[in-house]
Amino acid sequence: MNSVSPSAAQYVGSGMYHDEPDGRRIPSTSAQVLEPRSHFGHGFLADGHREGSGEPDEVDRLKLRLMSAWNNVKYGWSVKTKTVFSKSSPLFLMGQSYQLNTEAEVERFRLAFGSRVWLTYRKEFPQLEGSSLTSDCGWGCMLRSGQMLLAQGLMVHFLPSDWRWPDCPQLTDVDFEVLRPRSPSRSSGISIPSFSSSWSSTVNQKQPAGVSAAADGLRRAPSLREPPVGREPQAEELHRRLVSWFGDQPAAPFGVHRLVELGKESGKRAGDWYGPSLVAHILRKAVDRSLEVPNLCVYVAQDCTVYTEDVKRLCDQSVSDSSSSSGSGWKSVIILVPVRLGGETLNPSYIECVKNILRLSSCIGIIGGKPKHSLFFIGFQDEQLLYLDPHYCQPVVDVTHGSFSLESFHCNSPRKMNFNRMDPSCTIGFYARSKKDFESLCSAVSVAVSSKERYPIFTFVEGRGQDYGLEGYSGGSTDTPTHIIPPGKLNLNKKRGSAEEFVFL
């Protein structure tokens with residue numbers, strides 16, 4: 001098996017610098033196309049033959065090969081660090097709470113984390129249309145984070161809420177306090193399951209009776225460990241099919257090829273930076289134009305406002321799809337809310353609101369990250385966010401084969417970072433299966449984001465966007481995002497591009 005631990009590449013975020021082999025950091029000379037007010041990406045102008053370049057194709061191909069080699073080194077450094085998990089504080093992952101003070105809870109967390117779909121940089125995939133790029137290393141991290149959010153929404157939509165992948169990987173490079181030695185006097189011959197990369201090594205010492213069978217099971221190789229959950233053929237088939245929709249090939253409905261193609265409608269090309277707000281609209285278009293998910297739609301909030309009547313009209317098939325054979329019914333909905341939680345840095349007063357949102361079972365994650373480094377946030381513990389990182393370059397997987405390996409689509413190394421390092425630009429995702437779920441979501445989220453001391457992160461407003469001077473709504477088929485400013489507020493953002501406009505909170 002190929003190792004796919006992201007601990008093998010500690011995702012150097014080098015927005016303005018790059019590392020020399022001798023350890024020095026020097027300013028980057030690569031061209032940058034910055035999105036207004038956006039901090040994300042490592043983008044570069046790398047199209048095979050950009051207009052006016054005047055360089056022959058051979059030179060361009062040589063540059064791409066050198067860039068690919070550099071990215072493989074940059075995102076392939078082996079740096080061993082361990083993520084520490086406290087046993088005294090609850091950890092929240094996709095709305096579920098885990099008190100990691102017992103081995104059983106550690107196992108429950110392992111299954112939940114390892115079942116999330118993990119989408120990362122890939123190399124050697126079919127050439128992106130309009131460029132010579134065969135990899136998204138260095139520029140596609142926000143697209144990958146958006147893919148992971150959509151994948152989580154699709155998992156909730158298609159699979160049972162308690163579904164877990166039977167082949168969940170063992171966790172590596174983590175340190176659970178509950179699994180540490182209880183006292184220094186403990187026999188040195190006892191092997192403590194630290195989930196390090198050497199977890200599968202054979203332990204020859206005789207184990208005392210005090211070591212539980214559960215702890216011993218955590219040290220066993222996956223092939224020797226009894227599967228903690230049963231295999232359901234139908235669920236496994238749905239899981240594999242869902243992953244294939246994100247394959248790196250032009251035919252995949254939510255693959256990077258498709259997302260780049262849709263990004264062209266907003267003036268983006270392969271190799272450019274993508275911000276969290278723009279990615280939200282790209283995901284909306286991808287779902288709207290796909291045939292794989294006819295009973296699901298995506299609504300993108302505008303200027304931190306969710307217009308409930310627009311959502312209901314979008315989901316009510318008797319209104320939005322009168323030509324459908326069903327003629328009635330309710331579509332499930334993914335609601336994406338682009339926000340900016342501060343100016344250049346995260347406003348600390350909004351940290352508690354972000355925590356409240358991540359506690360909700362209706363939340364499917366946050367695409368954002370830290371400056372120059374996109375991440376997909378899926379939970380938190382204390383003052384640290386739990387995330388999946390796309391900055392790990394892996395070979396492309398041919399998902400057209402029915403038995404393709406799923407190993408590289410699931411992460412075995414959870415990572416955390418402090419809230420104060422979070423970039424203020426982000427997009428929050430929610431899922432509602434039914435009309436009743438949507439109404440419950442509105443109530444729960446409104447409570448989570450409300451505060452008497454500060455302006456809410458975003459709001460739910462009765463009515464439609466056009467009632468407030470909006471010509472279209474974000475759930476429809478409009479190709480460009482439209483924005484409004486609440487009454488009484490001056491529009492101070494006219495000089496900025498519409499792709500990344502936000503209401504400052």
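In this predicted model, the loop between helix H3 and strand E7 (174-176) contains Asp173. This residue has a positive phi of about 55° although it is not a glycine. Asp173 counts as buried because its relative accessibility is 4%, and the cut-off for that class is under 20% relative accessible area. A second loop, between strand E8 (296-300) and strand E9 (305-307), holds Asp303, for which phi is again positive, at about 50°, although this residue too is not a glycine. Asp303 has a relative accessible area of 8% and is therefore buried.

A positive phi is also found in the hairpin of strands E12 and E13, where two residues lie between the strands and Asp382 takes a value near 55°. The two strands of this hairpin, E12 (residues 373-381) and E13, run antiparallel and are joined by five bridges; within this pairing, Phe376 has Leu388 of E13 as its bridge partner. Strand E13 (residues 384-388) also pairs with strand E15 (residues 415-418), in the antiparallel sense and over four bridges, and here Leu385 stands opposite Met417 of E15. Strand E13 is mostly covered, with four of its five residues buried. In a regular strand, side chains alternate between the two faces of the sheet.

Among the helices, H5 (residues 233-244) was examined for its length and its cover. With 12 residues and 1.5 Å a residue, helix H5 should span 16 Å, and since its end C-alpha atoms are 17 Å apart, the model agrees with that expectation. The buried residues of H5 are Ala235, Glu236, His239, Leu242, Val243 and Ser244, and what covers them includes helix H3 (141-158). An α-helix has 3.6 residues a turn, so residues three or four places apart point the same way. Helix H3 thus appears twice in this description, as part of the cover of H5 and as one boundary of the loop in which Asp173 lies.

Over the whole chain, 11 helices and 17 strands are assigned. Of the 505 residues in the chain, 53% are buried, while the accessible surface comes to about 22,100 Å², with 51% of that area belonging to carbon and sulfur atoms. Where contacts between residues at least 6 apart in sequence are considered, 73% join residues at least 24 apart.

How values were computed: Residues numbered from 1 in each chain as written. Predicted model: local features only at pLDDT ≥ 70, side-chain atom pairs only at ≥ 80, totals over all residues. Heavy atoms only, no water. Expected span 1.5 Å × (residues − 1). Buried < 20%, exposed > 50% of the residue type's maximum accessible area, 1.4 Å probe, protein only. Contact = heavy atoms within 4.5 Å. Areas by Shrake-Rupley, 256 points an atom, 1.4 Å probe, with all protein chains shown as cover. Pairing = 2+ DSSP bridges.
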